[in-house]
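Here is a short tour of one helix and a few charged pairs in a protein model. Have the sequence and the 3D view open as you read.

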Amino acid sequence: MTRAPLPDPEPPSNFVAVLRRRALEGPARPLYSVLDDGEAEGAPLDVGGLDRRARAVAAALRAAGLTGGERAVLLFPPGLEFVAGFFGCLYAGVVAVPTPPPRPNRPMPRLRAVADDARPAAVLTVAGPGAIDRARVLAEVPGLEGARWIETDAVADDLADDWRNPGVGPDDLAFLQYTSGSTGDPKGVMVAHRNLVHNSDLIRRRFGAGAESRGVFWLPPYHDMGLIGGLLQTLHCGGSSALMPPVAFLQRPLRWLRAISALGATISGGPNFAYDLCA
């Protein structure tokens, strides 16, 4: 007597479940790497490593007193710490607020407007290379005065063992995506896990993305195309991607095309001006 085949498992309804499933299926599978100078590829972050870093950051957020639904502003230089911080928020049930890091000797009207609107309970950033001037930020952005600051690169991996799944639902907010603010103050768009999973599945089907897909992306992760089309789609489809700092592309657009060729990328993209620069 033959048994009927087991049904396929239910598709994940949130991105915590997406990463947890990938980590169980293949923890050593490479996920993201960084082209630090736009050319040389660094050591990859595998799926299990991201899961562990996300659990550690989430535990740090909870230890700092944050509860589900509170907001955390992400102020990161280009690199893998943004990824750990973003998923750490999801793993804690905290709403991530990706924001461009402040530029030296430049005013911060966007960050001030975002802080006033989101009223964040925490700021995630780094202590090492690319660290921002906290005193300067607090002097110019009063909306961050009461926020708890967590430097994710100083969070120990061992803290991951303290993580408890917050039970995120499909209708819970994953992050706030702020508009450019080119015609007024930036407006926060509320993006739920259901929105992200649905949109990611549509992208996967349209692009024919899967485990063999290889991406190259230079768009910043606080940009919706860089975050959803680059970082999240890579995880969702089970592929891998190399991330190039935006300034490396802007300094020499040919680096983007060369990286696509050298790494055998099957998925990449950018706004119209990127193709104009290459041409």
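## A helix and its salt bridges

Let's start inside: Arg55 and Asp51 are both buried, where buried means under 20% relative accessible area, exposed means over 50%, and partly exposed is in between (1.4 Å probe, protein chains only). Keep in mind that this is a predicted model, in which local features need pLDDT of at least 70, side-chain atom pairs count only at pLDDT 80 or more, and totals for chains, interfaces and linings use all residues. Residues are numbered from 1 along each chain as its sequence is written, and side-chain values use heavy atoms, with hydrogens and water left out.

Arg55 and Asp51 both sit in helix H2, 4 residues apart, or about one turn of the helix. Helices (H or I, at least four residues) and strands (E, at least two) are DSSP runs, numbered from the N terminus. An α-helix has 3.6 residues a turn, so residues three or four places apart point the same way.

How far apart are the end C-alpha atoms of H2? They are 24 Å apart, which agrees with the 24 Å that its 17 residues (47-63) should span at 1.5 Å a residue; the expected span is 1.5 Å times one less than the number of residues. Of those 17 residues, 13 are buried, so H2 is largely enclosed by the rest of the structure.

Now look at what flanks H2. Asp46 caps the N-terminal end, with a side-chain oxygen 3.4 Å from the backbone nitrogen of Gly48. After the helix comes Gly65, which has a positive phi, near 100°.

Next, the charged pairs. A salt bridge here is a side-chain nitrogen of Lys or Arg within 4 Å of a carboxyl oxygen of Asp or Glu, and that rule gives a count of 12. Three of them, including the H2 pair, are listed here:

| Salt bridge | Closest N to O |
|---|---|
| Arg255 and Glu39 | 3.0 Å |
| Arg55 and Asp51 | 3.1 Å |
| Arg205 and Asp201 | 3.0 Å |

Arg255 and Glu39 link distant parts of the chain, 216 residues apart: Arg255 is in helix H9 (residues 254-263), while Glu39 is in the loop between strand S1 (30-34) and strand S2 (45-46). Arg255 is buried at 17% relative accessible area, whereas Glu39 is partly exposed at 47%.

Arg205 and Asp201 share helix H6 (residues 193-207) and lie 4 residues apart. Is each one buried or exposed? Arg205 is exposed, at 61%, but Asp201 is buried, at 18%.

Back in H2, the story has one extra partner: Arg20 joins Asp51 and Arg55 in a network of salt bridges.

Terms used. A polar contact is a pair of N or O atoms within 3.5 Å; within protein, one must be able to donate a hydrogen and the other to accept it, and residues adjacent in sequence count only if both atoms are side-chain atoms.
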